[in-house]
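Colleague: I would like a close look at one single part of this structure, taken slowly enough for a first-year student to follow. Could you choose a spot and walk me through what meets there?

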Amino acid sequence: MSLFKESLKDFFQTKKDWFSFAAVLFIFLAVWALNYKFIFVQTIFVTLKDQQEALLLFFFLFYSFGALLIYPIALALYRKSGEWKRLLPFVIGIVVVLTLVSSARLKDTSLLSFLDTSSVRIGMMSLNYFSNICIYAAIPLYWIWKQKDSNDRFLGLNAGSKWREVTLLLGLMLPVIAIASFSISFLAYYPRFANRFPDGYIDYPPWAWILVFEIAYAFGFVALETFFRGFMVLPLATRFGSKPAVLAMAFMYGLLHFTKPSFEALGSFFGGFILGMISHRTKSVYAGIIINIGVAWAMELAATLQFLYLM
């Protein structure tokens with residue numbers, strides 16, 4: 001657990017750090033509570049799911065609101081408000097990427113017309129995960145190509161992590177996932193690959209497609225971690241300070257989860273914050289990659305076991 005403790009100690013060094021964390025957490029909790037009280041993002045997401053342009057506009061405005069709210073505040077908390085203009089290109093890139101991964105979807109099922117009906121849905125989901133990987137990877141790859149003399153050029157992909165401690169952190173989460181798997185809201189969302197019917201029953205696609213989906217699901221987290229804990233932390237930490245970078249990243253990471261169950265969205269803020277500090281300390285994104293894939297697959301497995309044996 002030393003990696004966890006050391007990473008938190010890196011952040012919480014003064015009273016200002018505690019105040020800054022509390023301030024950003026308070027803002028996030030206020031936005032989170034309003035969203036889930038009025039079911040705001042989820043309702044609009046469902047309402048506009050067949051209107052691609054309108055959905056893109058909504059998420060662009062949503063993430064612009066979040067970024068224009070939190071980045072100036074995070075900078076001001078550490079007396080770096082003068083850096084805002086220099087940070088703006090980063091923020092625009094972040095908003096565009098989050099907008100696209102939240103709303104850009106391939107929907108033309110004729111692309112997979114050669115498949116059995118039972119495989120079309122999971123095939124489209126897998127294609128969309130691969131498209132999200134490309135969206136998340138675009139800016140990091142451009143950064144790696146352009147920043148040839150930068151110490152943070154490879155965004156944490158060139159450094160290892162403390163695998164034993166990362167495995168321990170993952171192990172501590174598994175009992176929580178097992179308990180959460182008894183929740184109706186959890187089972188309404190997981191396993192992701194299953195076909196759901198209006199009466200609550202689910203149907204499983206062919207196992208070959210489940211395997212393809214889970215591989216795409218895993219690589220999606222590689223791209224996500226490289227973007228959030230790599231691009232959104234390491235270069236920004238060098239240029240604008242690690243603490244504002246991690247706080248703002250955790251806030252935006254929480255917003256990304258506002259279409260998911262409420263406590264998963266809440267936990268994503270804390271998870272994003274911890275993984276951001278670990279990434280900054282180790283200059284590596286692999287802790288987040290391993291933990292995210294492990295948690296995601298554990299949730300898929302827990303929900304599958306619930307449906308197969310306990311329901």
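Modeller: What follows is a look at one salt bridge and its surroundings.

The model is a predicted one, and the place I have chosen is where the side chains of E6 and R281 meet in a salt bridge, with 3.2 Å from N to O. E6 lies in helix α1 whereas R281 lies in helix α12, which spans residues 262-282, so the pair ties together parts that are 275 residues apart in sequence. The two partners do not stand alone, for E6, D10 and R281 are linked in a network of salt bridges. As for how much of each is open to the outside, E6 is partly exposed, with a relative accessible area of 25%, and R281 is likewise partly exposed, at 36%.

Beside E6 in the chain comes S7, which also has its place in helix α1, made of residues 2-11. With a relative accessible area of 1%, S7 counts as buried, because the limit for that word is under 20%. If we leave aside the neighbours within four places in sequence, S7 is in contact with M277, I278 and R281, so R281, already the salt-bridge partner of E6, is a residue that S7 touches too.

For a contrast, consider R229 and E225, whose side chains meet in a salt bridge at 2.5 Å, N to O. Both of these residues lie in helix α9, four residues apart, about one turn of the helix. Here R229 is buried, at 1% relative accessibility, and E225 is buried as well, at 0%.

Key: Residues are numbered from 1 along each chain as its sequence is written. This is a predicted model: local features need pLDDT of at least 70, side-chain atom pairs count only at pLDDT 80 or more; totals for chains, interfaces and linings use all residues. Side-chain values use heavy atoms; hydrogens and water are left out. Helices (H or I, at least four residues) and strands (E, at least two) are DSSP runs, numbered from the N terminus. Buried means under 20% relative accessible area, exposed over 50%, partly exposed in between (1.4 Å probe, protein chains only). Contact means heavy atoms within 4.5 Å. A salt bridge is a side-chain nitrogen of Lys or Arg within 4 Å of a carboxyl oxygen of Asp or Glu.
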